[in-house]
Amino acid sequence: MKDAPTRDAYGQALVEMGADPRIVVLDAGVSDSTRSKKFGEKYPERFFNMGIAEADMVCTAAGLATTGKIPFATGFACFLLGRTMDQVLVSIAYSRTNVKLVGTHTGLAVGEDGPTAQMIVDIAYTRAIPNMVVVQPADWEETTQATRALAEYDGPVYFRLGRPKVKAIFDSSYKFEIGKGRVMKKGSDLVIFATGIMVQESLKAMEMLDGNKVTLVNISTLKPIDRDLIMEMASSHKAVITAEDHNLIGGLGDAVGEVLLDAQISKPFKRIAVKDQFAETGTRAELFEKYGLSANHIAQAVKDLLK
Amino acid sequence: MNESQLTIPNTTELEKIALDLRRLALKIIFQAGSGHPGGSFSAADLMAALFFGGILNHDSKNPNDPKRDRFLLSKGHVTGIYYSVLAKAGYISESDLDSYRKINSERFLSGHPHPKTPGIEIASGSLGQGLSVAHGIALGTRLDGYDSKVYVILGDGELHEGQIWEAAMSADKFKSNNLIAIVDNNKVAQDNITKDLKDLEPLEDKWKSFNWDVHRIDGHNMKAITEVLQLPLHPEKPRVIIADTVKGKGVSFMEGKTSWHGVAPSPEDYEKALKELV
């Protein structure tokens, strides 16, 4: 348990898993920021810094995977995925090579670097790829456990990590499982499905609201999504909110909406997400406030839906 | 491969094998009604030497041996020749080839390669990725302490893809001398002759400046092919063999023609071509 960015937890987890000779780590020249550098310092022979060449990196990872290695190909999400659609589709997803794509610096939470570095379409994109598992952890403990779980899972994965420090919300009694959501707090009237940093933001929103009307569910596996839990929770509450630091189109909100539509569960429904626009520079807090992602916006949405 | 050393075909026999492979490739492209004869024929002699000339250390009965040499076809569209090679090498049967480019193909003989087909390491068919993948394999086998070599055939038009040069830099950085790229330099791409699309020359200089061990041969001279493939590895540099070839090699009316990049022959052309492939 530790207040720290999820990328820090990832870097530490890699070091702890490094005794396994199958673990290899690649980075696209940003390993000090992604924290994969820590692995490189301890296991230099299994660390491949490919320079600023994401396409080469992800295909090199695919080749390594065919020899039985478990490659973690790490980079800033914008470039790791933005530069490599064809490579990810052919050499990883279609070939079903055991590559873990790890994208850090996601969403508006990146802050001041602005829209070129704020990846807001990655969940939409990776969810749409056959064979791909998509996971976004919410804190240190979940990141640590998920990194291990993804190494044990045989198949392509996109692991979505963040830049800013986030609070510890899970302790070691938590058990991460691919495909399973987790009820964090149980309330009576409305359920919030949140992912990543928005779990943290939702917890803040709940402190602003009185009573025990709100249930919070952490959805860390965005694909395959926990359909049973979503159906159960949506059915047992009067209204539904989704919360993600990602574009409105194709992310958690759409994923939950698809489950509800398929199951013909009709509830008042609001998606907290980036409203299909590019943001701008600013601090994380300023951007969350201006672009509708802050705890204030979540609290307001709860009030509106429970009016 | 060592135990079968005595039975390795000589260059004349390899030329005969390459001819058989061309006939088979054309047959399955004709039967499928689509495919890529031009680039299949330019690569035929190179692939015959690799698979049947005692170069590639592989065993179709033990296709997952971690110590095996690897072969990748980065110019993945020329499955006509690739599947013909895999059939002749025993990874699949010749009767499997009847399902080439057909739905419900049991051996997944898709237009472009996929690892569901025995003997195939990874999907290809989107140009530019194979050199990076091959390099990843070269790094992986080296980590395992094996002396496996990784051979990858690239198209010349494929060298327009920037990723090739990313991989060229990487293999130099990691001194991956067990990586051997072969450029099937047939000088003709889909749209136009490669030179007019975007000239690759001076091609040897390009690879040399990336610090590769560069060789250039006539890609249809079996003696030259087998000799260069038998060279000991460079102590630290990755190797590229620029094989000057002819698109559609072996069929006079296909040679050097962009029009034979991606079409199946008509029944008349098929018969005419078979008469030349003897």
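**Reading the two chains of a predicted model**

Modeller: Chain A exposes about 11,400 Å², and carbon and sulfur atoms supply 51% of that area. Please bear in mind throughout that this is a predicted model.

Colleague: How much area does chain B expose, and what share comes from carbon and sulfur atoms?

Modeller: For chain B the exposed area is about 11,100 Å², of which carbon and sulfur atoms supply 48%.

Colleague: What percentage of the residues in chain A is buried?

Modeller: A residue counts as buried when its relative accessible area is under 20%. In chain A, buried residues make up 63% of the 307 residues. In chain B, 55% of the 278 residues count as buried.

Colleague: How should I read the radius of gyration of chain A against that of a compact globule?

Modeller: The value is set beside the one expected for a compact globule with that number of residues. For 307 residues this would be near 19 Å, and chain A agrees with it at 18 Å. Along its principal axes, the C-alpha trace of chain A spans about 60 × 40 × 35 Å.

Colleague: Into which domains is chain A divided?

Modeller: Chain A comprises domain 1, residues 6-160, and domain 2, residues 182-305. The C-alpha centres of these two domains of chain A lie 26 Å apart. As for their contacts, 29 residues of domain 1 of chain A touch 36 residues of domain 2 of chain A, where contact means heavy atoms within 4.5 Å.

Colleague: How many helices and strands does chain B have, and in what order do they run?

Modeller: Chain B has 9 helices and 5 strands. Read from the N terminus, its elements follow the order α-α-β-α-α-β-α-β-α-α-β-α-β-α. The radius of gyration of chain B is 17 Å, close to the 19 Å that the globule rule gives for 278 residues, so chain B is as compact as a globular protein of that length. Its C-alpha atoms fill a box of roughly 50 × 45 × 35 Å along the principal axes. Chain A, for its part, has 13 helices and 12 strands.

Colleague: What share of the contacts in each chain joins residues at least 24 apart?

Modeller: The contacts considered are those between residues at least 6 apart in sequence. Of these, 79% in chain A join residues at least 24 apart, and the figure for chain B is 77%.

Colleague: Where do the centres of the positive and negative side chains of chain A lie relative to each other?

Modeller: Chain A carries 36 positive and 38 negative side chains, and the centres of the two sets are 2 Å apart. In chain B, the mean positions of 32 positive and 37 negative charges lie 1 Å apart.

Definitions and conventions. Residues are numbered from 1 along each chain as its sequence is written. Chains are lettered from A and ligands numbered from 1 in the order in which they are written. This is a predicted model: local features need pLDDT of at least 70, side-chain atom pairs count only at pLDDT 80 or more; totals for chains, interfaces and linings use all residues. Side-chain values use heavy atoms; hydrogens and water are left out. Helices (H or I, at least four residues) and strands (E, at least two) are DSSP runs, numbered from the N terminus. The radius of gyration is taken over C-alpha atoms; the globule rule is 2.2 Å times the number of residues to the power 0.38. Buried means under 20% relative accessible area, exposed over 50%, partly exposed in between (1.4 Å probe, protein chains only). Accessible areas come from the Shrake-Rupley method with a 1.4 Å probe; for residues, only the protein chains shown count as cover. Lys and Arg count as positive and Asp and Glu as negative; His and the chain ends are not counted. The place of a charge is taken as NZ of Lys, CZ of Arg, CG of Asp or CD of Glu. Domain bounds come from an automatic or database domain assignment.
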